[in-house]
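Q: Could you take a close look at one part of this model with me, namely the surroundings of the ligand? I am new to this, so please explain the terms as you go.

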Amino acid sequence: MIETAIQTILPTALYKLLKLLPLRSWQFITQADQRLADYGLTALHAHRALYPTLSPAQAQECGDMLGPLRLSLDQDTGLPMSDAQIAGNLATYILAGADTTPAALSFITWELARRADVYAKLRGELEAAAREAGLAEGEDWRFEQLKELPYLAAVVKEGLRRYPPTVMPMTRVVPREGLQLSPAAGGEMLEAGTYVCASPWNLQMDATVFPEPERFEPERWLSATEEERKRMEESWMPFGLGVRACQGKL
Ligand code: HEM
């Protein structure tokens, strides 16, 4: 996986040659795929030790991604996935979630540190909600409680708009029947097999949809009219869109 990523930048032949370089730090990088696979297998074995048999209800209850994964079927064969396939999927989750989530949280925390007004408002909302929920000092929030808080939602949404952790274009391939862009406006016809891509960054920094796009402004999500909000939602895609959209999106 990491090797594939490197090979999108370096020609394969050059990478094969470079792989032989006996530098410890470089070897550490080239062996990353194997380490991820080993980690996935260790996690799978630990999960099996905890849940030797797994019913669909248990798979949901165990509250992790390994439960549903252990019950998933290979789409091609219809058979349960092999250990290597499960470990491979886990490695994808680790790669997909380990960089994006901290990046999003870091940018949001940074904005909260710079913007006393946003921080005070968010803190006020959380304190009021904690009082209402009767939350004791040091007691953890439950996700169900937090997702009901409008200002917190606006802060997170605006953070993911202003600093989308994945800025690269999301590539899709035009299907067999071809595709017309904006059919109502008689848009261009794209041939089957054409690569099409859109970047969250371009959409989310469009000043016609998000005035002063460089400004971190959670209020824009709360004060927008219905029509404005609809356009903003259509242009907000930090998790991608469609069948290949992020599986970690809640
Ligand atoms: C703020 C956090 C995250 C952001 C912004 C994010 C963003 C993205 C984006 C942009 C894609 C590509 C979607 C596309 O091509 O349309 C993606 C794919 C994916 N993400 Fe996330 N992600 C986040 C967290 C996570 C977490 C925590 C997990 C899992 C534990 C995860 C699992 C995945 C997987 C498995 C895919 C591939 C989906 C597929 O190709 O079918 N992501 N994510």
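A: Here is a walk around the ligand, with the terms explained along the way.

This is a predicted model, where local features need pLDDT of at least 70, side-chain atom pairs count only at pLDDT 80 or more, and totals for chains, interfaces and linings use all residues. Residues are numbered from 1 along each chain as its sequence is written.

Let's begin with the neighbours themselves. The ligand is surrounded by 20 residues, and the closest are Ala96, Gly97, Gly240, Cys246 and Gly248. A residue is near a molecule if its C-beta atom, placed from the backbone, lies within 6 Å of it.

Next, where do these residues come from? Two helices, α7 (83-98) and α8 (100-114), each give at least two residues to the shell around the ligand. Of these, α7 provides the largest share of the shell, 4 residues. Helices (H or I, at least four residues) are DSSP runs, numbered from the N terminus.

We can also sort the shell by domain. Domain 1 (31-98) and domain 2 (100-160) each contribute at least three residues to the shell around the ligand. The domain bounds come from an automatic or database domain assignment.

Finally, the chemistry: the shell around the ligand has 11 nonpolar, 8 polar and 1 charged residues. Here Ala, Val, Leu, Ile, Met, Phe, Trp, Tyr, Cys and Pro count as nonpolar, Asp, Glu, Lys and Arg as charged, and the others, Gly among them, as polar.
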